Amino acid sequence: MEALRSNCELKEPHSWYIFVTTGALGLVLGHPFDTVKVRLQTQTTYQGIIDCMVKTYRHESLLGFFKGMSFPIVSIAVVNSVLFGVYSNALLALTATSHQERRAQAPSYTHVFIAGCTGGFLQAYCLAPFDLIKVRLQNQTEPRAQPGSPPPRYRGPVHCAASIFQAEGPRGLFRGAWALTLRDTPTLGIYFVTYEWLCHQSTPDGQNPSSATVLVAGGFAGITSWVTATPLDVIKSRMQMAGLEQRAYRGLLDCMVSSVRQEGLGVFFRGLTINSARAFPVNAVTFLSYEYLLHSWG
Ligand SMILES: CN(C)C(=N)NCCC[C@H](N)C(=O)O
């Protein structure tokens, strides 16, 4: 958070709250899609998106789609601030130009890529424990506890975190973190390059992009980065679930090889469609609030 704040002179503090609130709003609206994606990637019982949606609704009601949402909401402020703050500061260090000067003197795409990768690398470590708990809770398919029915393995996010910590120690909370880092480092470079490139293509030199341009460029940056991230996203989710299921992988490569052996190469594209549909609106509003934040602090 401080990283993003320190980048600019604080003129309108409310813009930071807008940045955090829109991030949380996008997260809430996108969460049902994320739950379907995670289940398609880690469970073999579903025939596709519709089948997964119908079964989830019938068995768990609408609430089933919102399982595991509380920790991501709590952590979004930190995660987005680290990502966008590190990106902005890395770009500032690489180009020695402020955000305002950057419109007249566009940074090279190599600098944008390096700054994006740096942001992706550092945010992955903040995200890892929250993401692990999210994935574990999203995969609990039990309906709401009825009197007499067996309780689900995890009673909520805190119980989930405490159980993992007790069973495996602090390292257990970072299960899948390596796959998450490999997923996010290059794809966040791609994310910011796509965004900058699309803004540059549709904005006259020296001018700021319009809100419509920011929304479209942000949406497509989300789709492009998630399309490239999907293969490692599948592996990451499977490794995060591996501690629970009978399946145990010897490492990332073993998880890749055994997934391909059992399910073919298509396994790397599980959840791609639903994730792309989610990525457009979520990242369109994220970039719009980020630009607003930079202008009001700027
Ligand atoms: C490909 N990846 C990992 C990303 N593009 N990450 C940044 C976007 C994060 C946004 N909250 C989302 O969930 O889409």
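At what angle do helix H4 (residues 70-95) and helix H8 (residues 177-201) pack, and how far apart are their axes? In this predicted model, the angle is about 65 degrees and the axes lie 12 Å apart. Angles of 65 to 115 degrees count as roughly perpendicular, and H4 and H8 are therefore roughly perpendicular to each other. The crossing in which H4 passes H8 is right-handed.

Let's look at the residues that make this contact. On the H4 side they are Leu83, Phe84 and Tyr87, and on the H8 side they are Leu188, Tyr191, Phe192 and Glu196. Sorted by class, the contact of H4 with H8 has six nonpolar residues, no polar ones and one charged residue.

**A second helix pair**

Helix H2 (residues 14-42) and helix H6 (residues 109-138) also cross, at roughly 75 degrees, and their axes come within 9 Å. H2 and H6 are therefore roughly perpendicular to each other as well. Here His31, Asp34, Thr35, Val38 and Arg39 from H2 meet Lys134, Val135 and Gln138 from H6. The classes in this contact are two nonpolar, three polar and three charged residues.

**Phenylalanine 65 and the loop after H3**

Two of the H2 residues just named turn up again around phenylalanine 65. Where does phenylalanine 65 sit? Its place is in the loop between helix H3 (49-60) and H4. With its neighbours within four places in sequence left aside, phenylalanine 65 is in contact with His31, Pro32, Thr35, Val36, Met53, Thr56 and Tyr57. Is phenylalanine 65 buried or exposed? Its relative accessibility is 9%, so phenylalanine 65 counts as buried. For a sense of distance, isoleucine 164 is 99 residues away from phenylalanine 65 along the chain, and the C-alpha atoms of the two are separated by 23 Å.

**Positive phi outside glycine**

Most residues other than glycine have a negative phi. Serine 61 is not a glycine, yet its phi is positive, at about 65 degrees. Like phenylalanine 65, serine 61 has its place in the loop between H3 and H4. Alanine 96 is not a glycine either, and its phi is also positive, at about 55 degrees. Alanine 96 is found in the loop between H4 and helix H5 (99-104).

**Accessibility side by side**

The table gathers the relative accessibility of the residues discussed here, including the two cysteines treated below.

| Residue | Relative accessibility | Class |
|---|---|---|
| Phenylalanine 65 | 9% | buried |
| Serine 61 | 33% | partly exposed |
| Alanine 96 | 64% | exposed |
| Cysteine 160 | 0% | buried |
| Cysteine 255 | 0% | buried |

**The cysteines**

How many disulfides does the model have? With a disulfide taken as a pair of cysteine sulfur atoms within 2.5 Å, the count comes to zero. Why is cysteine 160 without a bond to another cysteine? The closest cysteine sulfur, in cysteine 255, is 19 Å from the sulfur of cysteine 160, and that is too far for a bond. Seen from the other end, cysteine 255 is in no disulfide, and its nearest cysteine sulfur is that of cysteine 160, 19 Å away. Cysteine 160 counts as buried because its relative accessibility is 0%. Cysteine 255 counts as buried because its relative accessibility is 0% too.

Notes
Residues numbered from 1 in each chain as written. Predicted model: local features only at pLDDT ≥ 70, side-chain atom pairs only at ≥ 80, totals over all residues. Heavy atoms only, no water. Axes fitted to C-alpha atoms, helices over the stretch in contact; angles between N-to-C directions. Helix = DSSP H or I, 4+ residues; strand = E, 2+ residues; numbered from the N terminus. Parallel < 35°, antiparallel > 145°, perpendicular 65-115°, else oblique. Left-handed = near helix turned anticlockwise from the far one by under 90°. Contact = heavy atoms within 4.5 Å. Nonpolar A, V, L, I, M, F, W, Y, C, P; charged D, E, K, R; others polar. Buried < 20%, exposed > 50% of the residue type's maximum accessible area, 1.4 Å probe, protein only.
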